[in-house]
Structure formats: structure tokens, C-alpha cells
Amino acid sequence: QVQLVESGGGSVPTGGSLRLSCSASGDISSVNAIGWYRQVPGRLRERVATITFQGSPRYADSAKGRFTITISRDNAKNTVDLRMDSLQPEDTAVYYCRAYTIELGDNISYWGQGTQVTVSS
């Protein structure tokens with residue numbers, strides 16, 4: 001199993017910046033990639049950005065040019081950061097970290113508990 005702990009949420013004014021961190025531990029060898037997702041009440045959870053453990057990032061259109069996802073790795077723990085700049089009120093959401101793993105041939109995902117991001121206008 002993989003454990004995910006998010007940190008770094010908070011409240012900022014429009015145009016501000018935040019950095020979210022996702023710390024992954026446990027069966028790290030099974031993880032292929034980690035992504036950041038977000039969700040607002042009444043809407044589906046949407047992908048923001050993902051990064052493979054080889055360091056290849058992908059971004060949703062809403063994140064391109066404003067958000068940067070990075071990964072740092074050591075033997076026991078891996079951290080995926082999401083740097084968010086030029087934040088807008090529509091970025092307000094609960095942000096979740098997701099680990100993509102393959103275990104015994106099955107694709108399995110693990111989720112963190114979420115961290116709130118609020119952007120005031």
C-alpha cells in the first residue's frame with residue numbers, strides 16, 4: 001500500500017501563489033506516477049497535473065503556464081510538489097494527491113485526504 005499526505009493549502013488573494021506538497025510513502029516501488037486533482041462541491045473531481053516517477057509532467061489546460069509539478073525522490077519517501085502561480089478565484093477547491101500504482105497486474109490508485117485552497121477576489 002501507499003500512503004499520501006498533502007500539505008500546503010491555504011487562502012490567498014487573486015494573483016497569489018501557493019505550493020502544495022504530496023509526500024508518498026509505503027510501497028513506493030509500485031508507483032508509476034502521482035497526480036494532483038481538485039474538486040469543488042457539486043462537481044466532478046478534475047485532474048490538474050500529473051508527473052511520472054521518471055519526471056515527465058502533464059498539465060490540464062487550466063494549469064498550463066501557471067502551475068508547475070515537480071518530483072523529488074529518495075529511497076523511503078517521494079514528494080510531489082505543485083507550485084501554483086497567478087491563482088484565480090476559480091482555482092478554489094479541495095486539492096487531492098493521487099498515486100497511480102500497478103499491483104499484481106492491477107491498476108490501483110491511492111488518494112490523500114485533501115487540502116483546501118481558497119482564492120479570494
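Student: How do you know that E6 has no salt bridge?

Tutor: A salt bridge requires a side-chain nitrogen of Lys or Arg within 4 Å of a carboxyl oxygen of Asp or Glu. The nearest side chain of opposite charge to E6 is that of R45, at 7.4 Å, so the cut-off of 4 Å is not met. In this count Lys and Arg are positive and Asp and Glu negative, while His and the chain ends are not counted. E6 is nevertheless buried, a word that stands for under 20% relative accessible area, with exposed meaning over 50% and partly exposed the range in between (1.4 Å probe, protein chains only).

Student: On what kind of model do these statements rest?

Tutor: The model is predicted: local features need pLDDT of at least 70, side-chain atom pairs count only at pLDDT 80 or more, and totals for chains, interfaces and linings use all residues. Residues are numbered from 1 along each chain as its sequence is written, and side-chain values use heavy atoms, with hydrogens and water left out.

Student: Which backbone nitrogen does the side chain of E6 reach at 2.6 Å, and what makes that a polar contact?

Tutor: The backbone nitrogen is that of C97. A polar contact is a pair of N or O atoms within 3.5 Å; within protein, one must be able to donate a hydrogen and the other to accept it, and residues adjacent in sequence count only if both atoms are side-chain atoms. The distance of 2.6 Å satisfies the cut-off. The backbone nitrogen of Q113 also lies 2.8 Å from a polar atom of the E6 side chain.

Student: Where is E6 placed, and which way do the side chains around it point?

Tutor: E6 belongs to strand β1. Strands (E, at least two residues) and helices (H or I, at least four) are DSSP runs, numbered from the N terminus. In β1 the buried side chains of V2, L4 and E6 point to one face, whereas Q3, V5 and S7 point to the other and are not buried. Such alternation between the two faces of the sheet belongs to a regular strand.

Student: What makes β1 and β3 a pair?

Tutor: Two strands pair if DSSP finds at least two bridges between them. β1 and β3 share 6 bridges in the antiparallel sense, so the condition is met. The bridge partner of E6 in β3 is C22. On its other pairing, β3 (residues 18–26) is joined to β8 (residues 78–84) by 7 bridges, again antiparallel, and there C22 stands opposite V80. The open sheet has 4 strands in the order β1-β3-β8-β7.

Student: Why are β1 and β7 said to stand at the edges?

Tutor: β1 (2–7) and β7 (67–73) each have a single partner strand, so one side of each is left without a neighbour in the sheet.

Student: How do you know that C22 and C97 form a disulfide?

Tutor: The rule asks for a pair of cysteine sulfur atoms within 2.5 Å. Those of C22 and C97 are 1.8 Å apart, so the pair qualifies. C22 lies in strand β3 and C97 in strand β9 (residues 93–103), so the link ties together parts that are 75 residues apart in sequence. Both cysteines are buried. An angle of -75 degrees about the S-S bond makes the link left-handed.

Student: What makes the contact of D91 and R38 a salt bridge?

Tutor: Their closest N and O atoms are 2.9 Å apart, which satisfies the cut-off already stated. D91 also forms a salt bridge with R66, at 2.7 Å. R66 lies in the loop between β6 (57–59) and β7 and D91 in the loop between β8 and β9, so this pair ties together parts that are 25 residues apart in sequence. R38, E46, R66 and D91 are linked in a network of salt bridges.

Student: Why is R66 counted as buried, and why D91?

Tutor: R66 has 19% relative accessibility and therefore counts as buried. D91, with a relative accessible area of 1%, is buried as well.

Student: Why is D61 called exposed?

Tutor: At 63% relative accessibility, D61 is over the limit for exposed. Its side chain meets that of K64 in a salt bridge (3.2 Å, N to O).

Student: What makes the phi of L104 notable?

Tutor: L104 is not a glycine, yet its phi is positive, about 55 degrees. Most residues other than glycine have a negative phi. L104 sits in the loop between β9 and β10 (106–111) and is exposed, with a relative accessible area of 89%.
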